[in-house]
Amino acid sequence: MIRKPWWKILTFIILMYVCTMGFLVDIPKLDGRLQHSVRNLFFHVPMWISMMILFSTSVVYAVLYLRKPNSTYDIYSLEFARTGLIFSFMGLATGSIWANYQWGSPWSGDPKQNGAAIAVLIYCAYFVLRGSLNDDEKKARIGAVYNIFAFFMLFPTIWILPRLVESLHPGGLGSEGNPGLNPNDTTSAMKMVMVPAFIGWSLLGVWIATLRVRVALLKEKQLNNE
Amino acid sequence: MNKLKQTGLTLVLAMFTVLANAEDRVPDPKDFMRSNGKIYVVMAVVVTIVVALFLYLVSLDKKISKLERKS
């Protein structure tokens, strides 16, 4: 499956559609505050969606590893987490750029920003933990256990926490609405680009992760042959 | 090497003429690329970056496939 070309071509087509329609689609006039920056919906938000998909895949393989200690599962879990972390950095960076022009400063200590930063730091600790262990089997087992912990911290920090408090981020209406998006600002024409954007950028993340998985599998094979 | 330098110099000089001409030309304000605050220039840049990214990924994918066939 990971070596089949059809879904890579699909990724390309979807992202070309997103990168052109993302600029061409009509946007609603929203009292002059968002203006064209609302188009970031097709570029900033998919980074987080992609991160969530990559981390979810990573935790599935971590559970599989704990059920049956096969080093292939560990490689999948590690490389998907690694790619997910890169997407989370891109999410934080693009969010800061947008926030600079929308909220006045790149980092306003908003609950949404802090929650995301905590989640990212928890995932950084996953790599520190793995790096501090020398035994490969221990690395994989403890890594898998920590991965499950990190995953169950991710959702409170980026989904639940911002719902409970006031936030500058869309959806920060106390307990109302959805923690990431403001559905009142999104027209159906924009959704026609937004949903493909989520799928396309996520597929791109999966592609990069599978490339890393294949390299890691090759390396492992080489070590076993020696 | 000499030939390379010559070609490079020619290209640079050619750029100068293009730049010099660019000032004389009056851009049509109704041009699609210049409409809407020139936002479509950004679109062209983004599309170029994403296409280049994909070309790079395809070449990596091919290289890894080749290594996989070898081992």
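From the N terminus on, chain A follows the order α-α-α-α-α-α in this predicted model. The chain holds six helices and zero strands. Its radius of gyration is 19 Å, and the globule rule gives 17 Å for 226 residues. The two values are close, so chain A is as compact as a globular protein of that length. Along the principal axes, the C-alpha atoms of chain A fill a box of roughly 65 × 40 × 25 Å.

Packing within the chain was examined next. Of the 226 residues in chain A, 48% are buried. Contacts in chain A with a separation of 6 or more were also sorted by sequence distance. Residues 24 or more positions apart account for 73% of them.

The surface and charge of chain A were then computed. Chain A exposes about 11400 Å². Carbon and sulfur atoms supply 67% of that area. Chain A carries 20 positive side chains and 13 negative ones. The centres of the two sets lie 7 Å apart.

One residue of chain B was considered in detail. D61(B) sits in helix 2 of chain B, which spans residues 39-70. The relative accessibility of D61(B) is 9%. Buried means under 20%, so D61(B) counts as buried at that value. Residues up to four places away in sequence were not counted among its contacts. With these set aside, D61(B) touches K8(A), W207(A), L211(A) and R214(A). D61(B) is thus a buried residue of helix 2 in chain B that touches residues of chain A.

Key. Residues numbered from 1 in each chain as written. Chains lettered and ligands numbered in written order. Predicted model: local features only at pLDDT ≥ 70, side-chain atom pairs only at ≥ 80, totals over all residues. Heavy atoms only, no water. Helix = DSSP H or I, 4+ residues; strand = E, 2+ residues; numbered from the N terminus. Rg over C-alpha atoms; globule rule 2.2 N^0.38 Å. Buried < 20%, exposed > 50% of the residue type's maximum accessible area, 1.4 Å probe, protein only. Contact = heavy atoms within 4.5 Å. Areas by Shrake-Rupley, 256 points an atom, 1.4 Å probe, with all protein chains shown as cover. Lys, Arg positive; Asp, Glu negative; His and termini not counted. Charge placed at Lys NZ, Arg CZ, Asp CG, Glu CD.
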